Amino acid sequence: MIDIAWSSFTPWSALIGGVLVGLAAASFLLLNGRVAGISGILGGLLTPTVGDISWRIAFLAGLIGAPALWALVAQLPPIEINAGYPVLILAGLIVGVGTRYGSGCTSGHGVCGLSRLSPRSLVATLSFMFAGFATVFVIRHLLGV
C-alpha cells in the first residue's frame with residue numbers, strides 16, 4: 001500500500017517552479033545559444049577555453065547563490081540525507097560517469113533536450129527514469145532498506 005503525505009503535496013509551487021525552470025532554460029538558449037545542462041557547464045570548466053569561463057562561473061555561482069539569497073528572506077526547507085559520506089561520494093561518481101557516457105545530465109536532456117524534441121534526449125531521459133525506478137524498487141522492496 002502506498003502512503004501519500006498529502007500535507008507535502010504542493011502542486012502550485014511545483015508548477016511555478018517548473019515554469020521558472022522552463023523560462024530560465026529557454027531564455028538561456030535564446031540569449032546565449034547554449035543548452036543549460038549543468039554537467040556540460042561544469043565540465044567546460046575542467047577543460048577551459050579562452051572567453052568561455054566567465055559565463056560558466058556566473059551560471060554556477062547563480063546556482064549556489066540563489067538559495068543563499070532566498071535564505072535572507074525566507075526559511076529554507078530542511079535537508080535530510082539518509083546516507084553516509086561513502087555512499088554520497090560513490091553516488092556522485094556514478095552520476096558523473098553516467099553524464100559523460102550519456103552526453104549530458106537530467107537538466108540537459110530532461111529539461112532542455114525534451115523541449116527541443118531531441119530523440120537522443122528522450123532515450124536518455126527514459127533511461128534516467130527507468131534506472132531511478134529500478135533503484136528504488138531494489139532498495140526498498142528487495143533489500144528492504
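Among the contacts in the protein chain with a separation of 6 or more, 32% are between residues 24 or more positions apart. The model in which these contacts were counted is a predicted one, and the chain in it has 145 residues, of which 16% are buried. Taken along the principal axes, the box that the C-alpha atoms of the protein chain fill is roughly 55 × 40 × 35 Å.

What kinds of element make up this chain? The protein chain has 6 helices and 0 strands, and so, read from the N terminus on, the order of its elements is α-α-α-α-α-α.

A reader may next turn to the aromatic rings, of which the structure holds 3 pairs. In one of them, W6 and F9 have ring centres 5.6 Å apart and ring planes at 80°, and because planes over 60 degrees apart count as edge-to-face, this pair is placed in that class. Both partners can also be described by their accessibility: W6 has a relative accessible area of 59% and is therefore exposed, and F9, with 51% relative accessibility, counts as exposed as well, because the cut-off for that word is over 50%. Elsewhere in the chain, F28, W55 and F59 are linked into a cluster by ring pairs.

From the rings the reader can move to the empty space in the model. Rolling a probe the size of a water molecule over the atoms shows where empty space is left. The largest pocket holds about 370 Å³ of space, and 22 residues line this pocket, with V35, G37, G40, S103 and G104 the closest to its centre. Which elements give two or more residues to this lining? They are α2 (38-46), α3 (54-73), α4 (85-101), α5 (106-115) and α6 (119-142), and among these α2 gives the most, with 5 residues. Sorted by class, the lining of the largest pocket is made of 14 polar, 5 charged and 3 nonpolar residues.

One of the residues closest to the centre of the pocket, S103, deserves a second look for its backbone. S103 is found in the loop between α4 and α5, and its phi is near 55°, a positive value in a residue other than glycine. With a relative accessibility of 46%, S103 counts as partly exposed, because this value lies between the 20% that bounds buried residues and the 50% that bounds exposed ones. A positive phi in a residue other than glycine is also found at L117, where the angle is near 60°. L117 lies in the loop between α5 and α6, and at 73% relative accessibility this residue counts as exposed.

The loop that holds L117 leads on to α6, a helix whose length can be checked by simple reasoning. With 24 residues at 1.5 Å a residue, α6 should span 34 Å, and because its end C-alpha atoms are 33 Å apart, the expected and the computed span agree. Within α6, the residues S121, A124 and T125 are buried. An α-helix has 3.6 residues a turn, so residues three or four places apart point the same way. Against which element do the buried residues of α6 pack? Their packing partner is α5. Just after α6, finally, G144 takes a positive phi of about 70°.

Notes
Residues numbered from 1 in each chain as written. Predicted model: local features only at pLDDT ≥ 70, side-chain atom pairs only at ≥ 80, totals over all residues. Heavy atoms only, no water. 1 Å grid on protein atoms, 1.4 Å probe; cavity = no way out; pocket = protein on both sides within 12 Å on 5 of 7 lines; lining within 4 Å. Points joined across faces, edges and corners; volume = space filled by probe spheres on them. Helix = DSSP H or I, 4+ residues; strand = E, 2+ residues; numbered from the N terminus. Nonpolar A, V, L, I, M, F, W, Y, C, P; charged D, E, K, R; others polar. Phe/Tyr/Trp six-rings, centres within 6.5 Å; stacked < 30°, edge-to-face > 60°. Buried < 20%, exposed > 50% of the residue type's maximum accessible area, 1.4 Å probe, protein only. Expected span 1.5 Å × (residues − 1). Contact = heavy atoms within 4.5 Å.
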